[in-house]
Amino acid sequence: MAGIFETTRSGLSRPGPAVPGSPAPEKKKRGGWGWRGTPYVFLAAPLVLLFLFTYYPVLNMFWYSLTSWDGLDKTKEFVGLDNYVSVFTRPDIFKVFFVSLFYLGGSVVQMALALYFATVLSFSTRFKSFFKGIIFFPYMINGVAIALIFVYFFQPGGTLDSLLEQFGGGGLIQQWLGNPDVINVSLAGTSVWRYMGLNFVLFLGAIQSIPGQLYEAAEIDGANRWQQFRFIIAPGIKPIIGLSFILAISGSLAVFEIPFIMTGGANGSETFVIKTVKMAFTHNKVGLASAMAVVLLGIVLIMTWIQRKVVPDEKVNLT
Amino acid sequence: MFRPARRTRLLTVAAVASLISLTTACAGGGDATPADTASSPGGSAAAAAPSGDITVLTWRTDLVTDGTFDKYKAAFEAKYPEVKVSFEGITDYEGEVKTRMNTTDYGDVLAIVNTITPAQMPDFFEPLGDATEMQKTYRFLTPKIFEGKVYGIPVVGNTQGIVYNKKVWAAAGITAVPTTSEEFLKDLKAIKDKDSSVVPLYTNYKDGWPLTQWESHRGEISADPEFASKLGQDDAPWAAGTDHFVIDSLLYDAVNQKLTEADPTTTNWEESKNLIATGKVSAMTLGSWAIAQMQKAATDAGNPATDIGYMPFPHQTDGKFYATVGGDYAQAINVNSKHKEAARAWIDWFNTESGFADAQGGLSPLIDSKAPSTLADFETLGVQYVLQTPAPAGKESLVNDIDKQAEIGLFAPEYRQRLVDSARGASSETKQQIFDDLNAKWAAARATVAAG
């Protein structure tokens with residue numbers, strides 16, 4: 001450290017000819033030796049963190065996926081692509097992607113609701129801020145807390161059952177988590193409740209960036225609310241809708257928190273990530289689990305790529 | 001991301017006596033002398049006074065926070081003034097310690113994680129002494145022996161059985177402890193007929209790990225101390241009449257005859273203690289470590305602790321009940337520790353002088369100790385204890401390896417959750433289909449392990 005400062009100081013005190021071939025002395029006046037290096041020093045901190053906590057672990061995971069490591073052993077036996085072959089040839093591993101369809105369906109509902117609320121609340125509505133708060137609130141609650149709340153909500157004789165009874169829907173009562181035909185719908189519903197606030201805020205922000213004169217002009221031309229939505233808002237926030245779709249697809253493939261805490265993947269609610277975690281920590285097949293994680297990463301990347309091809313990212317021009 | 005997973009697993013682990021088999025030692029000749037000297041209770045004066053700072057990793061975070069360990073620390077440091085002990089309570093013990101064991105920094109004294117295979121123990125832990133010698137003092141050592149060396153000493157021993165509410169059983173007119181599965185189911189039915197609001201048997205399906213307690217009953221049906229080793233030679237562990245068949249059938253039938261909670265997916269472990277204490281649940285299958293907790297729940301609820309009874313698995317061989325005994329978490333010394341003698345002194349002191357096992361209502365790991373008062377019911381019934389003998393040399397990891405290869409998870413909740421799902425009609429599989437599938441997986445995995 002001291003060395004660096006000394007160099008810097010000596011560089012400053014000895015202008016000009018001391019360093020042959022170095023450019024004009026005026027450059028030295030602006031900061032000397034540190035001028036070139038400083039930005040990289042600043043950049044180094046985030047880059048080191050990024051590499052250390054993102055790329056290095058991912059590279060490690062690629063390496064683990066080629067071994068039969070159990071997570072503890074001192075030696076990691078190289079097995080080539082065996083783990084990938086297992087991932088693609090074992091029906092029980094790929095079958096769990098079926099569960100993701102429930103969450104994908106849920107996220108479509110979630111986006112529709114979010115878009116609806118964002119549109120309604122972007123016009124002048126009574127208690128606007130209050131409703132915004134209410135809709136965004138669930139997103140701020142810790143996922144574990146939400147899962148616990150909903151376990152009580154869904155349990156027999158729980159909140160949902162009493163509500164249904166109150167409103168004469170007692171006939172609909174069933175085991176919301178116990179019935180294998182219903183469980184994934186219940187869990188996807190929980191997920192919608194939790195994440196709708198995020199979509200809502202994204203949409204609302206985008207809608208509010210649309211200049212107000214456009215609405216005024218449309219109103220003068222006699223456009224109703226639906227027409228305003230159809231021809232001003234929807235095209236205006238298209239990139240955000242596209243982004244939300246990518247997030248929805250990758251999110252439904254990687255569902256983890258809510259089903260894991262609420263059911264532990266029991267009763268047919270096992271998702272791909274739960275399966276991966278169990279493979280790594282219950283069956284101690286870290287190698288195979290890493291391969292599953294790599295495959296999931298690949299699938300998400302491919303989905304994103306397809307989505308970008310189908311819905312290209314074009315500049316929005318409202319004028 | 002994995003935190004919730006580990007929390008669940010921690011509970012599993014804290015509860016389940018590790019039945020993982022034994023391991024080998026290739027190292028450690030140099031430590032034989034201090035180990036031998038110190039292994040006799042109270043014989044520590046002979047050894048040179050151990051010194052240094054040691055860190056003890058523990059899964060009992062509750063005892064760290066409530067000050068129990070501070071008392072142990074004071075007593076230990078009074079005897080060994082040169083040693084400073086500090087504790088590190090880890091909530092997600094199994095997950096966190098397993099990860100830390102990939103470094104060299106995992107405390108001086110720690111409990112051996114359940115996921116380790118016996119053959120891996122010498123890589124991570126210091127051998128504590130020769131098995132034959134140490135078995136004169138300690139019991140329940142077998143799963144922690146590898147190639148004749150002991151790597152860990154359990155802090156407490158557990159036996160296995162069914163916790164039940166005596167008042168509820170008596171109210172249903174049941175006077176004798178059931179001796180067969182049929183009788184047990186009949187009793188559960190009588191309880192339900194008497195009061196339909198009582199759940200006769202609570203599975204704790206949602207938390208999952210209590211379901212793994214059923215696995216601990218293996219070896220009781222055949223009353224065979226070799227059972228665990230024989231599992232590695234068996235191609236059909238779920239064939240009719242086997243231990244797994246009898247145990248899993250009882251669970252299946254109880255669920256199938258609607259003698260368990262209506263919606264298993266919303267069970268709650270903490271709540272279940274209160275339910276059994278207040279008689280809303282009549283029975284749960286749990287290790288003996290649970291008795292003290294249930295008794296406490298009973299007194300907390302204003303009922304006498306004697307409401308809580310403990311019965312062995314409903315099966316008799318030659319007119320006698322048999323119950324598995326085994327060690328809970330076993331304390332071991334980090335092979336990278338700088339103060340191995342101090343660590344060793346702590347382990348010996350903890351097992352012989354701390355009174356930990358008694359305080360927990362468990363069986364002491366010392367051979368010449370009395371059964372705890374919590375197991376008075378077992379004494380009355382004349383229950384015979386079955387202690388699994390070590391697997392033959394070279395086969396210590398076999399059962400673990402097959403289980404891992406087959407992805408069944410004998411001590412994981414998944415396969416029993418699958419049984420419960422099938423029994424309550426939530427899946428289209430029949431019991432026989434599940435058993436056939438498990439047999440097929442086991443046989444295939446056994447072939448793979450034998451070939452590899």
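Helix axes are here lines fitted to C-alpha atoms over the stretch in contact, with angles taken between N-to-C directions. With that in hand, the packing around α16 of chain A in this predicted model can be described helix by helix.

The axes of α4 (residues 82–89) and α16 of chain A come within 9 Å and cross at roughly 65°. Angles of 65 to 115 degrees count as roughly perpendicular, and α4(A) and α16(A) are therefore roughly perpendicular to each other. Their crossing is right-handed. On the α4(A) side the meeting residues are A:N83, A:Y84, A:S86 and A:V87, and on the α16(A) side they are A:G287, A:L288, A:A291, A:M292 and A:V295. Six of the residues in this contact are nonpolar and three are polar, with no charged residue taking part.

A second partner of α16(A), which spans residues 286–310, is α15(A); the two helices pack at about 160°, and their axes lie 7 Å apart. Since angles over 145 degrees count as roughly antiparallel, α15(A) and α16(A) are therefore roughly antiparallel to each other. Here the crossing is left-handed. From α15(A), the contact draws on A:F272, A:T276, A:M279 and A:A280, while α16(A) brings A:V286, A:L288, A:A289, A:M292, A:A293 and A:L296. Nine nonpolar residues and one polar residue make up this contact, again without any charged residue.

The third helix to consider is α13(A), residues 238–253, which packs against α16(A) at an angle of about 155° with the axes 10 Å apart. These two helices are therefore also roughly antiparallel to each other, and their crossing is right-handed. A:F245, A:I246, A:I249, A:S250 and A:L253 of α13(A) face A:L296, A:I299, A:V300, A:M303, A:T304 and A:Q307 of α16(A) in this contact. The residues divide into eight nonpolar and three polar, and none is charged.

Attention can now turn to the contact between the chains. There, 25 residues of chain A are in contact with 28 residues of chain B. On the chain A side, α8 (143–154), α14 (257–263) and α15 (272–281) each supply at least two residues. That side is made up of 13 nonpolar, 10 polar and two charged residues. Helix α15(A) thus appears both in the side that touches chain B and in the packing with α16(A).

Within chain B, the domain assignment gives domain 1 (3–156 + 329–370) and domain 2 (157–327 + 384–452). Between them, 29 residues of domain 1 are in contact with 27 residues of domain 2. On the domain 1 side, α1 (3–15) and β5 (145–146) each supply at least two residues, and α1(B) gives the most, with four. By class, the domain 1 side holds 18 nonpolar, nine polar and two charged residues.

A word on confidence rounds off the picture. The model scores ipTM 0.75 and pTM 0.79. Chain A averages a pLDDT of 84, and 87% of its residues score at least 70. Over residues 1–25 of chain A the pLDDT is below 50, and this stretch has 10 contacts beyond near neighbours in sequence. For chain B the mean pLDDT is 85, with 89% of residues reaching 70 or more. Residues 1–47 of chain B stay under 50, although the model has 133 contacts beyond four places in sequence for them. Where pLDDT is low, the predicted coordinates should not be read in detail.

How values were computed:
Residues numbered from 1 in each chain as written. Chains lettered and ligands numbered in written order. Predicted model: local features only at pLDDT ≥ 70, side-chain atom pairs only at ≥ 80, totals over all residues. Contact = placed C-beta atoms within 7 Å. Nonpolar A, V, L, I, M, F, W, Y, C, P; charged D, E, K, R; others polar. Domains from an automatic or database assignment. Axes fitted to C-alpha atoms, helices over the stretch in contact; angles between N-to-C directions. Parallel < 35°, antiparallel > 145°, perpendicular 65-115°, else oblique. Left-handed = near helix turned anticlockwise from the far one by under 90°. pLDDT = per-residue confidence, 0-100.
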